[in-house]
Amino acid sequence: MRPVRLLLAATVAICLAPGTFVRSAVPPHDFTSPVTISPLALQPQAVGELQLEAGWLLESDNDLFGGWSAMVDWIDDSLLVGSDAARVMVLKRPDLGMEEPRLGAISWARPQEKRDVDLESLSRDPVTNELWAGFERSNSVVRIVRPLRPVQSFSPPEMADWPANAGPESLVRFPDGRLLVVAETAVAKGRHDAVLFPSGVGGPAAPVRFLVEAPEDYRPSDAALLPDGRLLFLLRGVDWGFPPSFPAMLAVADPSGIVEGGVMPMRELARIEEPLPSDNFEGLAVMEEADESLAIWLISDDNFNSYQQTLLLKLVWENYRTRTRQKARR
């Protein structure tokens, strides 16, 4: 590889690996500064099959802020965002009013090492509000109860050989207790390791190992369950440059055909790339709206780098319920 390509590759590796080389000067600890939310200057516009409705820039000097790598819909019209340091932010939907976000952290029973707090994915049980979280460096799945207290941790052998820094980036828990986990790293062109736990992680049913097929230049960075039972994936690419940029894609997949050793394909919905507001989008959440549309929320991971930002975007899948019913009648 030529020296310039080596430099660019190193830059991207630094950007995607939290806690590494590029950092601003470290200031004194700050756990009191608020989070500010500033609307982005953009006009609603079609993006693939979706509508980009609005966007916001989030900023704070608080030590608990940054590195956001997972997101779920939360209670009372809010979003719960998790970081790769197991910190959390409760963010009231800014399209419903500007309310200051609340910062906090997962309440571990004892001090944790970095490998045990690298949270990369979240899924919520809408009945109990329990959270299921994927932790990347330890390749583990943790059950978390309110008020954000871990109560069970699993290290499935099916995930043991996943790379330490590219493991369970996507995790979805189905209403019937099934749990699906997808690795970030591709094992072949566009194909990523995935495991379905039919009776939940740690349950008696044998896990099903299969592959998720994504566009070759993109990696799964998060996933969410759609109301019709399909999966919505957030995919992240990298454009070589200095600094690098991160085009994103949203795609859907049908988990009904998952079989041992099989391949689950996905279909592109939309691309979010320059000149649209773009950064390292890693968190995804969906919310049903009163008008039968679906709100799709994205948040970016700034990797605690001074040249990256925390962006929040709202996209809308218009007439989602109507389209789903029409498709079911065909």
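These are my notebook entries on the nonpolar cores and aromatic residues of this structure, which is a predicted model.

**Entry 1: the cores**

I began with the largest nonpolar core, which has 27 residues, and I noted that Leu232, Leu250, Ile296, Leu298, Leu315 and Trp317 are those with the most contacts inside it. I then looked up which strands supply at least two residues each of this core, and found strand 3 (50–59), strand 17 (231–236), strand 18 (248–253), strand 20 (267–272), strand 21 (281–288), strand 22 (294–300) and strand 23 (310–317). The largest share, four residues, comes from strand 23.

I took Leu315 as an example and listed its contacts, leaving aside residues up to four places away in sequence: Leu315 touches Val47, Leu50, Gln51, Leu52, Glu53, Leu250, Ile272, Leu294, Ala295, Ile296 and Leu298. Apart from the largest core I found another, of 21 residues, which includes Phe210, Val212, Met249 and Ala251. As background I noted that nonpolar side chains tend to be buried together in soluble globular proteins.

**Entry 2: the aromatic pairs**

I next turned to the rings, where the count comes to five aromatic pairs. For Trp108 and Phe135, I read 5.7 Å between the ring centres and 70 degrees between the planes, so I entered this pair as edge-to-face, the cut-off being over 60 degrees. Trp108 sits in the loop between strand 7 (102–105) and strand 8 (119–124), while Phe135 belongs to strand 9 (residues 131–135), and the pair links parts of the chain that are 27 residues apart. I also compared their burial: Trp108 is partly exposed, with a relative accessible area of 24%, whereas Phe135 is buried, at 0%.

Trp132 and Phe154 form a stacked pair, with 6.4 Å from centre to centre and 25 degrees between the planes. Because Trp132 lies in strand 9 and Phe154 in strand 11 (residues 149–154), I recorded this pair as tying together parts that are 22 residues apart in sequence. Both Trp132 and Phe154 are buried.

**Entry 3: a charge over a ring, and Trp162**

I found Arg178 lying over the face of Phe174, at 4.1 Å from the ring centre.

My last look-up was Trp162, which is placed in the loop between strand 11 and strand 12 (168–173). Its relative accessible area is 3%, which is under the 20% cut-off, so I entered Trp162 as buried. Leaving aside residues up to four places away in sequence, I listed Asn139, Gly167, Pro168, Val181, Val182, Ala183, Asp193, Ala194 and Val195 as the residues that Trp162 touches. I also noted that the C-alpha atoms of Trp162 and Val187, which are 25 residues apart along the chain, are separated by 9.8 Å.

Key:
Residues numbered from 1 in each chain as written. Predicted model: local features only at pLDDT ≥ 70, side-chain atom pairs only at ≥ 80, totals over all residues. Heavy atoms only, no water. Core = buried A, V, L, I, M, F, W, Y, C linked by side-chain atoms within 4.5 Å. Buried < 20%, exposed > 50% of the residue type's maximum accessible area, 1.4 Å probe, protein only. Contact = heavy atoms within 4.5 Å. Phe/Tyr/Trp six-rings, centres within 6.5 Å; stacked < 30°, edge-to-face > 60°. Lys NZ or Arg CZ within 6 Å of the ring centre and 35° of its normal.
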